[in-house]
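Please look over the sequence and the model shown here before reading on. The paragraphs after them go from the chain as a whole to a few chosen places within it.

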Amino acid sequence: MKTSADPARDYLSTVERESSALPADRRQELLADLAEHIEVTRTERPDAAIGEILAELGDPRTIAATALAEAGNGTTGTPARSDVDASARRDVDAPTRRGKVHPLVPLLMLTLSLPFTMIFSIGPDAAFDPGPVFGFLFRVTGAVLLCTSVHWTAVQKTTGVLLTVIVPTTVIVTWNLISGSAAGEIAALLGNLGSLALMVGTAVWLWRARRT
């Protein structure tokens, strides 16, 4: 009997086939969540067999049936209610079980990186200016924790890093290069406040979009 070279792909294909009655966006979200869970588990437990990881996720038909039931599209042949409830509880508990860092931590570090830069900054004439150092460390740590968290999808993580790290950093560096020492304090403050508003708005969006 021919066996698959990629059990994870077969698993996801089965979920996709069994959940074909779901709306396309909900089905793709379900598949993305499962794929990310498999990838994160492989990273955290490199010695674990792929079969063991898939077994922990549960039967793909049960997962599809659960998603259909939640969407109000339950069909004939749906597994027993107890099986569906058990799978649903496992899926809900997975982010909490795997998430070693509270989702608020990376959001606070990303948001506070700019205020820390402003508060602890001594000035360009100082031999050592701790402000930018604190801000850089907070920003990098927050981005790493965000990217390794199981509370967001890959698209949400990419968007979060883009809007809280790349865009504000690019704006600040470009502003300093263009205006230099001629930049007024009010103009610089307005630029920093605009970047801070973008970072806070992104953090709020990520908090609301997180998987609990």
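Among the contacts in the chain with a separation of 6 or more, 66% join residues 24 or more positions apart, where contact means heavy atoms within 4.5 Å. The model is a predicted one, in which local features need pLDDT of at least 70 and side-chain atom pairs count only at pLDDT 80 or more, while totals for chains, interfaces and linings use all residues. Residues are numbered from 1 along each chain as its sequence is written, and side-chain values use heavy atoms, with hydrogens and water left out.

The secondary structure comes to nine helices and zero strands; these elements are DSSP runs numbered from the N terminus, a helix being H or I over at least four residues and a strand E over at least two. Of the 212 residues of the chain, 35% count as buried, a word that stands for under 20% relative accessible area, with exposed meaning over 50% and partly exposed lying in between (1.4 Å probe, protein chains only).

One helix to follow along its length is α2, whose 21 residues should span 30 Å at 1.5 Å a residue, and its end C-alpha atoms are indeed 30 Å apart, which agrees; the expected span is 1.5 Å times one less than the number of residues. The buried residues of α2 include L30, L34 and I38, and also polar or charged names such as R27, D33 and E36.

In soluble globular proteins, nonpolar side chains tend to be buried together. A nonpolar core here is a set of buried Ala, Val, Leu, Ile, Met, Phe, Trp, Tyr and Cys residues joined through side-chain atoms within 4.5 Å. The largest such core has 15 residues, of which Y11, L30, L34, I38 and L57 touch the most other members. The elements that give two or more residues to this core are α1 (7–18), α2 (24–44), α3 (50–57) and α4 (60–70). Leaving out residues up to four places away in sequence, Y11 touches L54, L57, G58, D59, P60 and I63. A second, separate core of nine residues includes L146, W152, V161 and A203.

Another part of the chain can be entered through R139, which is found in helix α7 (residues 130–147) and counts as buried because its relative accessibility is 11%. Beyond its neighbours up to four places away in sequence, R139 touches L110, S113, L114, T117, T164, V165 and T169. Of these, T164 has its place in helix α8 (residues 154–179) and, with a relative accessible area of 2%, is buried as well. With the same sequence neighbours set aside, T164 touches L110, R139, M199 and T202, and its C-alpha atom is separated by 7.2 Å from that of L198, 34 residues apart along the chain. A polar atom of the T164 side chain also lies 2.5 Å from the backbone oxygen of G160.

Helix α7 also holds L145, which counts as partly exposed because its relative accessibility is 22%. Apart from neighbours within four places in sequence, L145 is in contact with V101, V105, P106 and M109; L145 and V105 are 40 residues apart in sequence and 8.0 Å apart in space, C-alpha to C-alpha.

How values were computed: A polar contact is a pair of N or O atoms within 3.5 Å; within protein, one must be able to donate a hydrogen and the other to accept it, and residues adjacent in sequence count only if both atoms are side-chain atoms.
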